[in-house]
Amino acid sequence: MLGTTVAWFHDGPPPTYPAENLATLSTHDLPTVASVWQTGWTATKACAPGWANWSARCRRWATPWSPLIVRWRAPSVLALATLDDLSLAERQANVPGTTHERPNWRIPLPFTIEEIARSPISARVAGAFRDRGDQPG
């Protein structure tokens, strides 16, 4: 693996991702898919100038099926779907630059692992991770 391609930072669609990189929608340091999808998250004025474009890209990608789309369409040998995204968690695990202000890494998932494993989203994503030949219609 030579790098990581994060969908929210990559300008092109998943078919343009490098095959030698890990393909992922998000990371633990970024807003979750559900927070973007449900709240219409946008970058604040305090963000660096390029972040307004990033927030628009996030909103375009934000559906519960986003990890599935990345896995199906990216040529990357490795792909990652986070438990935060599979559980539709709205709070991200870590907010960079915070220590005492926030309970980073101590935020529980909204569902148990067993409940996440039984969810339709998890079943579809797991199926895509097992068999990438099953392309969406």
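This short talk goes through the fold, the strands and one surface patch of the structure shown above.

Please keep in mind throughout that what we are looking at is a predicted model. The protein has 137 residues, of which 39% count as buried, and its secondary structure comes to 6 helices and 3 strands. If we read from the N terminus on, the elements come in the order β-β-α-α-α-β-α-α-α. As for contacts, if we take those between residues at least 6 apart in sequence, 62% of them join residues at least 24 apart.

Let me turn to the strands. Strand β1, residues 3–6, pairs with strand β2, residues 21–24, in the parallel sense over 4 bridges, and within this pairing Gly3 is found opposite Asn21 of β2. Strand β2 also pairs with strand β3, which covers residues 78–80, again in the parallel sense and over 3 bridges; here Thr24 is the residue that stands opposite Leu80 in β3.

That brings me to the surface, where the protein exposes about 7900 Å², with carbon and sulfur atoms supplying 58% of that area. Which residues form a nonpolar patch there? They are Met1, Val77 and Leu78, and together they have about 340 Å² of accessible area. Leu78 deserves a second look, since this residue lies in strand β3, the strand that pairs with β2. Its relative accessible area is 45%, so Leu78 is classed as partly exposed, a term that applies between the 20% limit for buried and the 50% limit for exposed.

Conventions:
Residues numbered from 1 in each chain as written. Predicted model: local features only at pLDDT ≥ 70, side-chain atom pairs only at ≥ 80, totals over all residues. Heavy atoms only, no water. Pairing = 2+ DSSP bridges. Helix = DSSP H or I, 4+ residues; strand = E, 2+ residues; numbered from the N terminus. Patch = residues over 30% accessible without salt bridge, like charges linked within 9 Å, V, L, I, M, F, W, Y side chains within 5 Å. Areas by Shrake-Rupley, 256 points an atom, 1.4 Å probe, with all protein chains shown as cover. Salt bridge = Lys/Arg side-chain N within 4 Å of Asp/Glu carboxyl O. Buried < 20%, exposed > 50% of the residue type's maximum accessible area, 1.4 Å probe, protein only. Contact = heavy atoms within 4.5 Å.
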